[in-house]
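Me: I would like to learn how to read the strands, helices and backbone details of a model such as this one. Could we go through it feature by feature?

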Amino acid sequence: MKIALLAPSRSIHTQKWALFYQSQGIDVKVYTFKDHYSEDNAKLVPTIVLPKSLPGKASYLAAAPALKKMLKEWQPDVLHSHFVSSYGLLGAMVNYKKYFVSVWGKDIFDFPKKSKLNKKLIEFTLSKATAIFSTSHVMAKETNLYTNRFVEVTPFGVDINIFYPEAAKEQTSDKIIIGTVKALEDKYGIADLVKGFALFYKEFPNSELLITGDGPQRAEYEQLTKDLGIDAVTTFTGKVPNTEVPNVIRKMSIFAVPSTENSESFGVAAVEGMACGVPVVVSNVGGLPEVVVDGVTGIVTDKESPEQLASAFKKLAKSSDLRESMGQAGVSHVAEHYSWIDNAHYMLELYKKYL
C-alpha cells in the first residue's frame, strides 16, 4: 500500500501517523507547505514541499495543479488530508480517486461559522471525500452539520509503552502536586487552573502547581500567580521534549485539563494523564467528557469555573485511596479504548474498508 499524507510536516500528529505506516511496511510520503515543513521529520519520512504562490487559503487552491501532477506520477492508493479547512480543501480540489479527510478541531468547530464562504468550502471538501474521520463523537456530530455523510470515529490514542504509571510511586510526603501539560493560552483554561489552585492552596498549603508548556500568555499567567500569592509554589517549566512529557506527568498527584472551547475535540492530554495512572480533572467541553469517565477515571467540572476545579482538587487531595483507584481505572480505560497501536490499526482497517 502507498499512502500520501497531506498535512503539516512539523505536526507531531503527522509524524506519528507517518512513522506508524512505515512500521507496517507501507510506503508513505508527506506533502506539505514550506512554512509547515520540518527538516528533522523529513529525515525520517519522505517529505515533498508544495509550491506556495498565493497568501492565505488561496495558497491551497493554487497548489492543486502541482499536487495533482505529483499524485499522478506516484499513484498512491490513499490520499489522506488532515484539517478540513486547509489541507482538506487542497485534497478535495485534486479530485483524487480515494480521498480521505480528518477533521481536528477549530477547522470544523470555528472555521465554517466565520462566513458563508467558509461554510461552503467545508461542505465542498466533505462532499469530495471517500470517507470522513473524526477523533471524537462530539466532533463527528459537529461535522454532520455540514454533511449528511457518516463520519467514522477514529480516536487518537497514546503509546502505552511510553505513557505508563510508575511501578511503585514513592509517597515520601503528603505534598499534592497539581499540574498540566498544555500550550499557555486561554483556550486551555490556564488562568482558571491558576485561580482554582489558589483557592485549593488556602486549605492545602502543602501543595504545588506545575505548569508545563509555553505560549503567548505565559507572562500573563506568571503575573497572575504573583497577584494571587502562589508564585512561590508554582513552577513554569516551559516546553519540554515530547519524550519527557510522561516523566513530567508521573510527578503529579492530579492532572488538570480545564479547557474552555469545544475545539478541544479529543483530549489527548487527558488520555496521557490517565495512561500514567494520574487522576484527571477536566472541563465539560469538546471531547474531554467523552474520554474521561466522570467519578471513575477522573472528575468533570463546568468550564471556566475555578471554584469547581478547587472543589475537585480538594476531593482528590483528601483521599489517597481515591487518587489511586481513579489512577488505576484510568490506566485500564486507556488500554481498552485509547491504545495508539490499536487506534492506528483501526485506521488501516478503515482504509481497506473504503478501497
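Reply: Let us begin with pairing, where two strands count as paired if DSSP finds at least two bridges between them. The model we are reading is a predicted one, and in it strand E8 (residues 176-181) is joined to strand E11 by two bridges, the two strands running parallel.

Me: Which residue stands opposite Ile178 in E11?

Reply: Ile178 of this pairing faces Ile254 in E11. On the matter of E11 and strand E12 (residues 280-283), these pair in the parallel sense as well, over three bridges, and there Val257 stands opposite Val282 in E12. Between the two strands the chain passes from E11 through helix H12 (residues 268-275) to E12, a β-α-β crossover that is right-handed.

Me: In what order do the strands of that sheet lie, and which are the edge strands?

Reply: In general, strands of a sheet pair through backbone hydrogen bonds, either parallel or antiparallel. Here six strands form an open sheet in the order E10-E9-E8-E11-E12-E13, with parallel pairing. The edges are strand E10 (234-238) and strand E13 (298-301), each of which pairs on one side only, and the twist from one strand to the next averages 20 degrees.

Me: What covers E11, and which helices lie across the strands around E11?

Reply: Strand E11 (residues 254-257) is covered on both faces, with Ile254 and Ala256 buried on one side and Phe255 and Val257 buried on the other. Helix H12 lies across E8, E11 and E12 and runs at about 170 degrees to E11, while helix H14 (residues 306-317) lies across E8, E11, E12 and E13 and runs at about 165 degrees to E13.

Me: Where is Gly238 found, and is Gly238 buried or exposed?

Reply: Gly238 is found in strand E10, and its relative accessible area of 5% places Gly238 among the buried residues. Leaving aside neighbours within four places in sequence, Gly238 is in contact with Ile211, Thr212, Gly213, Asp214 and Arg218. By contrast with those contacts, a separation can also be read: Gly238 and Ala62 are 176 residues apart in sequence and 38 Å apart in space, C-alpha to C-alpha.

Me: How many strands form the sheet that contains E1, and which stand at its edges?

Reply: Seven strands form this open sheet, in the order E3-E2-E1-E4-E5-E6-E7 and with parallel pairing. Strand E3 (47-50) and strand E7 (151-153) stand at the edges with a single partner strand each, so one side of each has no neighbour in the sheet. The twist here averages 25 degrees from one strand to the next. Within the sheet, strand E1 (residues 2-6) and strand E2 (residues 27-33) pair in the parallel sense over five bridges, and Ile3 stands opposite Val28 in E2.

Me: Which helices pack on or lie across this sheet?

Reply: Helix H4 (residues 64-74) packs on the sheet and touches E1, E2, E3 and strand E4 (78-82), its direction making about 170 degrees with that of E2. Helix H16 lies across E1, E4, strand E5 (99-103), strand E6 (131-134) and E7, and runs at about 155 degrees to E7.

Me: At what angle do H1 and H16 pack, and how should I read that angle?

Reply: Helix H1 (residues 12-23) and helix H16 (residues 340-354) pack at an angle of about 75 degrees, with their axes 11 Å apart. Because angles from 65 to 115 degrees count as roughly perpendicular, H1 is roughly perpendicular to H16. The contact is made by Lys16, Trp17, Phe20 and Tyr21 of H1, together with Trp340, Ile341, Ala344, His345, Met347, Leu348 and Tyr351 of H16. By class, nine of these residues are nonpolar, one is polar and one is charged.

Me: What phi do Phe83 and Asn95 have, and where is each found?

Reply: As a general idea, most residues other than glycine have a negative phi. Phe83 is not a glycine, yet has a positive phi of about 85 degrees; this residue is found in the loop between E4 and helix H5 (87-94) and is partly exposed, with a relative accessible area of 26%. Asn95, also not a glycine, has a positive phi of about 55 degrees. Its place is in the loop between H5 and E5, and at 53% relative accessibility Asn95 counts as exposed.

Methods:
Residues are numbered from 1 along each chain as its sequence is written. This is a predicted model: local features need pLDDT of at least 70, side-chain atom pairs count only at pLDDT 80 or more; totals for chains, interfaces and linings use all residues. Side-chain values use heavy atoms; hydrogens and water are left out. Axes are lines fitted to C-alpha atoms, for helices over the stretch in contact, and angles run from 0 to 180 degrees between N-to-C directions. Helices (H or I, at least four residues) and strands (E, at least two) are DSSP runs, numbered from the N terminus. Angles under 35 degrees count as roughly parallel, over 145 as roughly antiparallel, 65 to 115 as roughly perpendicular and the rest as oblique. Contact means heavy atoms within 4.5 Å. Ala, Val, Leu, Ile, Met, Phe, Trp, Tyr, Cys and Pro count as nonpolar, Asp, Glu, Lys and Arg as charged, and the others, Gly among them, as polar. Buried means under 20% relative accessible area, exposed over 50%, partly exposed in between (1.4 Å probe, protein chains only). A crossover is right-handed if, with the strands pointing away from the viewer, the path from the first strand over the helix to the second runs clockwise.
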